[in-house]
Amino acid sequence: MKLPPLLPPPSPITSGARDEQTCPPNPTLPSPPGLTLSLALPECPALPLLLSLLLIPLGLPVLGTPARLICDSRVLERYILEAKEAENVTMGCADGCSLSENITVPDTKVNFYAWRRKEVGQQAVEVWQGLALLSEAILQSQALLANSSQPSDTLRLHVDKAVSGLRSLTSLLRAMGVQREAVLPPDAASAAPLRTFTVDTLCKLFRIYSNFLRGKLKLYTGEACRRGDR
């Protein structure tokens with residue numbers, strides 16, 4: 001009785017061949033005339049928003065329509081929540097987490113009737129200048145905290161998040177065109193000087209941060225998004 005011939009030993013597999021066997025290329029399916037087949041992954045509506053929120057603080061370009069990203073209420077609410085959380089944390093520390101220097105911040109009080117009567121450019125000036133001054137104030141507090149003898153890791157974390165958040169908001173507002181709207185034409189009524197005062201604790205600073213986001217910034221972006229939908 002004859003035994004069947006032995007199979008030849010398998011040839012050694014190179015790294016390239018192993019890759020090809022493990023991850024074969026997608027087959028090209030023949031399409032009937034007039035019909036186009038396309039294979040795509042299931043869409044995840046929250047994915048573009050998540051990627052944008054991760055890329056903006058890093059200064060990386062955002063795909064899609066960044067000018068409308070802040071019109072998603074979840075974006076601004078995220079920063080408002082962070083600011084409120086920081087305010088609550090600093091309310092529990094001694095003396096409201098005193099600062100070694102007074103820090104100048106924008107006045108966040110809003111007269112809603114007077115605000116609605118202002119021109120869009122005047123509102124933009126007030127928001128853009130307030131955001132710039134608030135960013136300087138948070139950066140100053142970050143420097144003071146770094147130079148303190150025993151900086152708290154928790155406080156440092158909240159200040160760092162505020163710095164990152166304000167940078168992101170500045171990028172979002174710049175993409176929306178706030179910086180351009182803040183340049184008033186020669187014949188326009190000049191904006192009122194920005195009202196300011198000073199704070200001496202991190203608790204007061206974060207309260208101003210939270211009030212600014214929930215007040216003037218939210219009012220301005222809400223109206224700007226409605227104008228864009230018209």
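# Why the labels apply

Colleague: Why is Asp107 called buried?
Modeller: In this predicted model, Asp107 has a relative accessible area of 11%. Buried means under 20%, so Asp107 is buried.

Colleague: What makes Lys109 count as exposed?
Modeller: Lys109 has a relative accessibility of 62%. The label exposed needs over 50%, so Lys109 counts as exposed.

Colleague: How do you know that Lys109 forms a salt bridge with Asp107?
Modeller: The closest N and O atoms of Lys109 and Asp107 are 3.8 Å apart. The cut-off is within 4 Å for a side-chain nitrogen of Lys or Arg and a carboxyl oxygen of Asp or Glu, so the pair is a salt bridge.

Colleague: And how many salt bridges does the structure hold?
Modeller: There are 11 salt bridges. Side chains of opposite charge can pair when their charged atoms come close.

Colleague: What makes the contact between Glu126 and Lys118 a salt bridge?
Modeller: The N to O distance between these side chains is 2.5 Å. That is within 4 Å, so Glu126 and Lys118 meet the salt bridge definition.

Colleague: Are Glu126 and Lys118 buried or exposed, or in between?
Modeller: Glu126 has a relative accessible area of 13%, which is under 20%, so Glu126 is buried. Lys118 stands at 28%. That value is neither under 20% nor over 50%, so Lys118 counts as partly exposed.

Colleague: Which distance makes Glu126 and Lys216 a salt bridge?
Modeller: The distance is 2.7 Å, N to O, and the limit of 4 Å is met, so this pair is a salt bridge too. The pair links distant parts of the chain, with Glu126 in helix α5 (residues 120–146) and Lys216 in helix α8 (residues 202–229), 90 residues apart. Lys216 has a relative accessible area of 3% and is therefore buried, since that is under 20%.

Colleague: Which residues are linked with Lys84 in a network of salt bridges?
Modeller: The network links Lys84 with Glu87 and Arg207. Arg207 lies in helix α8.

Colleague: Why is Arg207 called partly exposed?
Modeller: Its relative accessibility is 33%. Partly exposed lies between the buried limit of 20% and the exposed limit of 50%, so the label fits Arg207.

Colleague: What makes the contact between the side chains of Arg207 and Glu87 a polar contact?
Modeller: The two side chains come to 3.2 Å. A polar contact is a pair of N or O atoms within 3.5 Å, so this distance passes the cut-off. Arg207 also has Ala83 at 7.6 Å, C-alpha to C-alpha, although 124 residues separate the two in sequence.

Colleague: How do you know that the length of helix α6 agrees with its number of residues?
Modeller: Helix α6 (residues 153–176) has 24 residues, which at 1.5 Å a residue should span 34 Å. The end C-alpha atoms are 34 Å apart, so the two values agree. At the start of α6, a side-chain oxygen of Ser152 is within 3.3 Å of the backbone nitrogen of Thr154. After α6 comes Gly177, with a positive phi near 100°.

Colleague: Why are α3 and α6 called roughly antiparallel?
Modeller: Helix α3 (residues 73–91) packs with α6 at about 155°, the axes being 10 Å apart. Angles over 145 degrees count as roughly antiparallel, so α3 and α6 get that label. Their crossing is left-handed.

Colleague: What makes α5 and α6 roughly antiparallel?
Modeller: The angle between α5 and α6 is about 155°, with axes 10 Å apart. That is over 145 degrees, so α5 and α6 are roughly antiparallel. The crossing of α5 and α6 is left-handed.

Colleague: Why is Thr90 called buried?
Modeller: Thr90, found in helix α3, has a relative accessible area of 1%. This is under 20%, so Thr90 is buried. The Thr90 side chain reaches the backbone oxygen of Ala86 at 3.0 Å.

Colleague: Why does Ala182 count as buried?
Modeller: Ala182 is in the loop between α7 (178–181) and β2 (196–201). At 18% relative accessibility it falls under the 20% limit, so Ala182 counts as buried. Ala182 and Val125 are 4.4 Å apart in space, C-alpha to C-alpha, and 57 residues apart in sequence.

Conventions:
Residues are numbered from 1 along each chain as its sequence is written. This is a predicted model: local features need pLDDT of at least 70, side-chain atom pairs count only at pLDDT 80 or more; totals for chains, interfaces and linings use all residues. Side-chain values use heavy atoms; hydrogens and water are left out. Buried means under 20% relative accessible area, exposed over 50%, partly exposed in between (1.4 Å probe, protein chains only). Helices (H or I, at least four residues) and strands (E, at least two) are DSSP runs, numbered from the N terminus. The expected span of a helix is 1.5 Å times one less than its number of residues. A polar contact is a pair of N or O atoms within 3.5 Å; within protein, one must be able to donate a hydrogen and the other to accept it, and residues adjacent in sequence count only if both atoms are side-chain atoms. Axes are lines fitted to C-alpha atoms, for helices over the stretch in contact, and angles run from 0 to 180 degrees between N-to-C directions. Angles under 35 degrees count as roughly parallel, over 145 as roughly antiparallel, 65 to 115 as roughly perpendicular and the rest as oblique. A crossing is left-handed if the near helix is turned anticlockwise from the far one by less than a right angle, and right-handed if clockwise.
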